[in-house]
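Please look at the sequence and the structure shown here before reading the report. It may help to keep the structure open beside the text, so that each residue can be found as it is named.

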Amino acid sequence: MPPTFNDNCITCFKCVEICPTDILQKGEKKPVVAYPEECWHCGACMMDCPTKAIRINLPLWLRPLTKRVKK
Amino acid sequence: MTKNASTDVLVIGGGLAGCMAAINAADQGVEVTILEKSHIERSGAAGTGNDHFWYWDPEIHPKFGWTIADMVRDISFDGEYGKTKGGLIDQELCEIVAKGSMDAVKKLESWGIQFKYDKIYPWNLQYESPKGEKKYRIVPQFQSEWDTLNYDGRDIKKRLTEQCVKRNIQIFNRLAATSLLTKDNRVVGAAGIDMRTGEFYVFKAKVVVLATGMDQSRLFMAPSGNWFNQQSPPTVTGDGEAMALRAGAEVFILQAGKTSNAGFQYFKNLYRSSGIATTCYPAGKYVNSEGEVMIKHPAVREPLRKKRENVEKSISEGKTPFYLDFTDATEEEIAYAEWSYGNEGLCWVILEIMKDLGLDFRKDAFELALEPTGRLTDGFLALWVDTDLSTNLPGLYACSPVQFAGEVAAPTAVVLGWRSGEKAAKYAQKTTDPLLDDKQIINELERTTSPLKNDDGFTWQEANLELNNIMDKYKRYIAGFNSPGIKDEISVNGINTCLDQLSQLKSAKLKAKNPHELVRCNEVMNLIDVATIMVRASIEPEQYENDVWFIGKMDKKQPKFKKIPIKIKYPSKEAK
């Protein structure tokens with residue numbers, strides 16, 4: 001569930017500070033997603049991460065539905 | 001454990017409107033405090049950016065024959081928005097926004113937000129400017145004419161935060177206001193809960209400005225089944241409206257009903273993708289399932305309305321779903337749309353997610369949520385203010401939510417926020433020191449923190465789902481069950497059942513394990529109060545006469561509604 005953190009995380013916890021819906025908490029090595037179901041998928045955490053340690057994963061049922069028009 | 005603070009001007013909500021209110025209040029020389037439920041750097045509808053800002057430019061628009069009166073008329077009646085919400089615009093407030101929009105842009109520019117560029121594109125408004133001067137990128141997005149700026153607004157909240165800090169404005173992040181404090185009918189401050197520490201705060205203030213945002217998230221069922229997947233910030237849960245109602249403020253109510261126009265704003269399922277389907281100018285177009293172009297420039301509102309017959313025809317022929325299709329656009333057009341998305345709050349992250357999913361505008365068409373004519377709409381409630389942004393309660397101003405002043409968009413928040421800050425500061429300068437009611441504070445502490453003591457109560461999610469069930473029933477009663485577009489007489493019995501159930505829900509005990517959950521519980525409690533007034537209002541007989549426009553005043557026992565005729569300063573051109 002969103003967001004996910006990779007090993008680039010320097011535990012500055014800027015994401016914990018600014019998360020609009022307050023879903024993140026400080027963890028030992030990385031932030032912890034305490035309330036995954038309250039994620040707005042707004043990307044504020046990813047936007048402000050100084051080390052590009054965050055990606056936002058949309059749950060399967062919220063992903064864009066597409067069709068490939070051009071190969 | 002209660003903490004106390006005092007200030008001259010207390011701004012509740014630190015989004016675009018709240019920041020502008022706070023900055024201008026501080027510029028009048030008074031002490032200002034902001035209460036922000038999220039974090040001010042990324043909070044509100046523009047938290048992760050805004051790329052479109054409608055405005056009226058005295059240097060440009062008169063040359064194209066586009067006057068402020070045209071703009072107000074267009075927003076009220078003749079343009080896309082006017083057609084959808086016909087006659088619901090408060091034209092006086094809308095005119096204030098239009099007149100103040102140029103100054104607002106200049107202020108934002110002076111704070112480091114880029115609006116002017118060396119390069120403008122063939123699809124931008126071509127206009128003369130003095131030699132060598134950079135130009136605005138103007139597109140015809142919102143109204144019938146070219147009056148919307150595309151700009152680098154991704155960090156607009158960071159720039160506003162800097163201006164607040166520079167003025168020594170006190171900012172309380174994670175502070176969820178729960179109650180307006182009153183004494184002798186005057187608003188004298190607010191109480192609230194720190195969402196992380198659980199501390200209860202009491203703020204004494206000479207004047208309060210409500211800037212909590214224009215929505216009641218989670219009041220109605222979420223179309224996708226996920227409350228937090230939606231256009232408005234999920235944290236905008238009617239807190240300001242509920243606090244104001246409990247204090248006795250007059251409100252504006254837009255009833256639930258049925259849409260009269262087909263519209264498309266979102267990717268299928270991803271309801272937080274608003275903007276992606278309407279900010280695609282000039283590259284995106286709407287196609288049906290056969291690949292036939294229904295709308296060439298969906299971002300341009302006027303053609304969208306005129307082409308609705310194409311949309312309805314495709315629906316009737318079964319050529320659905322519909323797609324947002326960039327695949328024939330030029331590289332330059334796609335690059336422009338991606339730049340624009342990169343600055344628009346809910347779109348930047350979609351570009352990033354697309355990379356992870358291997359999706360590309362050059363190859364893939366994106367399915368749109370189908371919103372045909374006759375779809376049931378949700379209801380909406382806002383504060384009723386005069387042109388000074390003053391409510392009927394002494395000591396209470398509001399800049400968002402207020403009755404429709406234009407589109408619910410950045411210019412409204414910025415201009416009305418700015419104006420409310422000045423007016424509130426002037427009120428603070430001439431008023432007496434406020435006195436608090438200690439008994440009221442004890443009651444509010446008990447009311448708002450009781451879920452922490454209840455081990456046997458319901459979770460906020462349970463209560464919220466039950467609220468959604470009741471409001472879904474209300475929506476169907478008010479909109480009628482018949483064919484699209486026809487408004488039945490509502491069932492008074494049905495509405496009364498909803499009221500009974502709301503009253504039972506209000507008395508249900510809620511439980512919270514921690515301060516985060518406690519604030520979610522308070523949000524639901526606020527939504528129940530908003531719901532109650534909205535549902536009660538629908539059985540006032542006056543409601544039938546003019547569809548959806550009326551205001552009401554909360555009374556402890558029985559609300560009394562007074563219909564206010566809309567003042568029309570600029571009548572519809574098309575109606576002539």
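The report below goes from the two chains as wholes to a sheet, to salt bridges and then to two single residues.

## The two chains

This is a predicted model, and every statement that follows should be read with that in mind. The secondary structure of chain A consists of 2 helices and 5 strands, and when these elements are read along the sequence they follow the pattern β-α-β-β-α-β-β. Taken along the principal axes, the C-alpha atoms of chain A fill a box of roughly 45 × 25 × 15 Å. Of the 71 residues in chain A, 51% are buried, and the chain exposes about 3,600 Å², of which carbon and sulfur atoms supply 54%. Among the contacts in chain A with a separation of 6 or more, 43% are made by residues 24 or more positions apart.

For chain B, the secondary structure comes to 15 helices and 21 strands. Chain B has 576 residues, and 64% of them count as buried. Its accessible surface amounts to about 21,500 Å², with 48% belonging to carbon and sulfur atoms. Among the contacts in chain B with a separation of 6 or more, residues 24 or more positions apart account for 73%.

## An open sheet in chain B

In chain B, 4 strands form an open sheet in the order 3-6-5-4, and the pairing is antiparallel. Strand 3 (52–54) and strand 4 (116–117) of chain B stand at the edges with a single partner strand each, so one side of each has no neighbour in the sheet.

The partner of strand 3 of chain B can be followed in detail, since 3 bridges join strand 3 to strand 6 (residues 148–150) of chain B, and these two strands run antiparallel. Within this pairing, the bridge partner of B:F53 is B:L149 in strand 6 of chain B. Helix 4 (residues 91–110) of chain B lies across strand 3, strand 4, strand 5 (135–139) and strand 6 of chain B, and it runs at about 140° to strand 3 of chain B.

## Salt bridges

Over all chains, the structure holds 46 salt bridges. One of them is formed by B:K116 and B:E133, whose closest N and O atoms are 3.7 Å apart. This pair links distant parts of the chain, because B:K116 is in strand 4 of chain B and B:E133 is in the loop between strand 4 and strand 5 of chain B, 17 residues apart. Both partners are partly exposed: B:K116 has a relative accessible area of 24%, while B:E133 has a relative accessibility of 41%.

Is the pair B:E523 and B:R218 buried or exposed? These two residues form a salt bridge with their closest N and O atoms 3.0 Å apart. B:E523 lies in helix 15 (residues 515–537) of chain B and B:R218 in the loop between strand 10 (200–211) and helix 6 (239–247) of chain B, so the salt bridge ties together parts that are 305 residues apart in sequence. B:E523 is buried, and B:R218 is buried as well.

A further salt bridge joins B:E292 and B:K319, with the closest N and O atoms 3.2 Å apart. B:E292 sits in the loop between strand 13 (285–287) and strand 14 (293–295) of chain B, and B:K319 in the loop between helix 8 (308–316) and strand 15 (323–325) of chain B, so that the pair links distant parts of the chain, 27 residues apart. B:E292 counts as partly exposed, at 38% relative accessibility. Salt bridges that share partners also join A:K14, A:E17, A:D48, B:E41, B:R42, B:D155 and B:K158 into one network.

## Two single residues

B:N343 has its place in helix 9 (residues 331–343) of chain B. B:N343 counts as buried because its relative accessibility is 4%, and the limit for buried is under 20%. Leaving aside residues up to four places away in sequence, B:N343 touches B:T48, B:G49, B:N50, B:D51, B:Y151, B:D152, B:G153 and B:R154.

B:S507, in contrast, is exposed, with a relative accessible area of 60%. B:S507 lies in helix 14 (residues 492–507) of chain B, and a polar atom of its side chain lies 2.9 Å from the backbone oxygen of B:Q504. B:S507 and B:T459 are 48 residues apart along the chain, and their C-alpha atoms are separated by 14 Å.

Definitions and conventions
Residues are numbered from 1 along each chain as its sequence is written. Chains are lettered from A and ligands numbered from 1 in the order in which they are written. This is a predicted model: local features need pLDDT of at least 70, side-chain atom pairs count only at pLDDT 80 or more; totals for chains, interfaces and linings use all residues. Side-chain values use heavy atoms; hydrogens and water are left out. Two strands pair if DSSP finds at least two bridges between them. Contact means heavy atoms within 4.5 Å. Axes are lines fitted to C-alpha atoms, for helices over the stretch in contact, and angles run from 0 to 180 degrees between N-to-C directions. A salt bridge is a side-chain nitrogen of Lys or Arg within 4 Å of a carboxyl oxygen of Asp or Glu. Buried means under 20% relative accessible area, exposed over 50%, partly exposed in between (1.4 Å probe, protein chains only). Accessible areas come from the Shrake-Rupley method with a 1.4 Å probe; for residues, only the protein chains shown count as cover. A polar contact is a pair of N or O atoms within 3.5 Å; within protein, one must be able to donate a hydrogen and the other to accept it, and residues adjacent in sequence count only if both atoms are side-chain atoms.
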